[in-house]
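Here is a short report to read with the sequence and the 3D view side by side. Take your time and look up each residue as you meet its name.

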Amino acid sequence: MSNDTTSGNNIAAALQEVRASMECAAKSDGRTAADVELIAVSKTYDADAISPALEAGQRVFGENRVQEAATKWPALREVYQGVELHLIGPLQSNKARQAVELFDVIHTVDRRKIADAIATEMKRQDKQVSLFIQVNTGEEQQKAGIAPRDTVEFVAYCRATLGLEIIGLMCIPPVSEEPGVHFALLSELAKDCGLSKLSMGMSSDYEIAIQFGATHVRVGSAIFGARA
Ligand SMILES: *Cc1c(COP(=O)(O)O)cnc(C)c1O
């Protein structure tokens, strides 16, 4: 990505458009824009593409790979204060140390081994990271996430046994299905778990997600353009 003024302006304009759409969707759900956090998903984009978003005031970003985030964000964080980084991609337990060092929020806790590793690292580093549990709402074989029927028990394990701060649930609906069905299921499961935060909605469906109660939307290509 070049950082000429044209692409920089485009990114700032796209951010504004997404924020305006979010506000409309929030209003139709009886909420306001302030009730929904926009996570700008900057995966695959380099610092030159991310900087215009930071210049425009965006501070909450999502990355899906620990290693990629480690190469980009420490330097950007030295220039821009108040950045909040969210891990939205699958986490291996051997990356838990680095993930806890780098990220403020992790959306992809989906099995005991990962929950255990994160709990151990948070103690070791004396650092609190907010956590979402990823639910495989479509029960897709190849997709990460805990099965819907196991969610309540897993959340209880994370909280009671590990003392983790679980703030909500996250899902990625199957590409070929109506997303609203999955957003509604996630919302129901969150109620069953006594959780109030819902991480759901991407570029193609964030407005629908907000209508179903999303508190965090993860939007990449609608802001930064199509990924290579
Ligand atoms: C890439 C990604 C997004 C953003 O996708 P866009 O379609 O570019 O908005 C959201 N959530 C997750 C988990 C992702 O991996």
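## A contact within a helix

The side chains of Q125 and E121 make a polar contact, at a distance of 2.8 Å. Keep in mind that this is a predicted model, as you will want to remember for everything that follows. Q125 belongs to helix α5, which covers residues 112–125.

Which residues does Q125 touch when its neighbours within four places in sequence are left aside? Look for R97, V100 and E101: Q125 is in contact with these three residues.

## Around the ligand

Now turn to the ligand, which sits in the largest pocket. The residues around the ligand include V41, K43, I88, M170, I172 and M202. Further along the sequence, S203, R218, V219, G220, S221 and R227 also belong to this group. How many residues of this shell are nonpolar, how many polar and how many charged? The shell divides into six nonpolar, three polar and three charged residues.

Three side chains are worth finding in the 3D view. In S203, an N or O atom of the side chain is 2.5 Å from an oxygen atom of the ligand. K43 has a polar side-chain atom that lies 2.7 Å from an oxygen atom of the ligand. With R218, the partner is a nitrogen atom of the ligand, and a polar side-chain atom of R218 lies 2.9 Å from that nitrogen. How much of the ligand does the protein cover? On its own, the ligand has 390 Å² of accessible area, and the protein covers 89% of that area.

## Two loop residues with positive phi

Let us finish with the backbone. Most residues other than glycine have a negative phi. Where, then, can you find a positive value in a residue other than glycine? One place is T44, where phi is near 75 degrees. T44 is found in the loop that runs between strand β1 (37–41) and helix α2 (47–55).

E139 is another residue to look up: its phi is near 45 degrees, again a positive value in a residue other than glycine. The loop that holds E139 lies between β5 (130–134) and α6 (151–161).

Note on methods:
Residues are numbered from 1 along each chain as its sequence is written. This is a predicted model: local features need pLDDT of at least 70, side-chain atom pairs count only at pLDDT 80 or more; totals for chains, interfaces and linings use all residues. Side-chain values use heavy atoms; hydrogens and water are left out. A residue is near a molecule or strand if one of its heavy atoms lies within 4 Å of it. A polar contact is a pair of N or O atoms within 3.5 Å; within protein, one must be able to donate a hydrogen and the other to accept it, and residues adjacent in sequence count only if both atoms are side-chain atoms. Accessible areas come from the Shrake-Rupley method with a 1.4 Å probe; for residues, only the protein chains shown count as cover. On a 1 Å grid over the protein atoms alone, a cavity is a set of points where a 1.4 Å probe fits but cannot get out, and a pocket is an open set with protein on both sides within 12 Å along at least five of seven lines; lining residues have an atom within 4 Å of a point. A molecule sits in a cavity or pocket if more than half of its atoms lie within 2 Å of its grid points. Ala, Val, Leu, Ile, Met, Phe, Trp, Tyr, Cys and Pro count as nonpolar, Asp, Glu, Lys and Arg as charged, and the others, Gly among them, as polar. Helices (H or I, at least four residues) and strands (E, at least two) are DSSP runs, numbered from the N terminus. Contact means heavy atoms within 4.5 Å.
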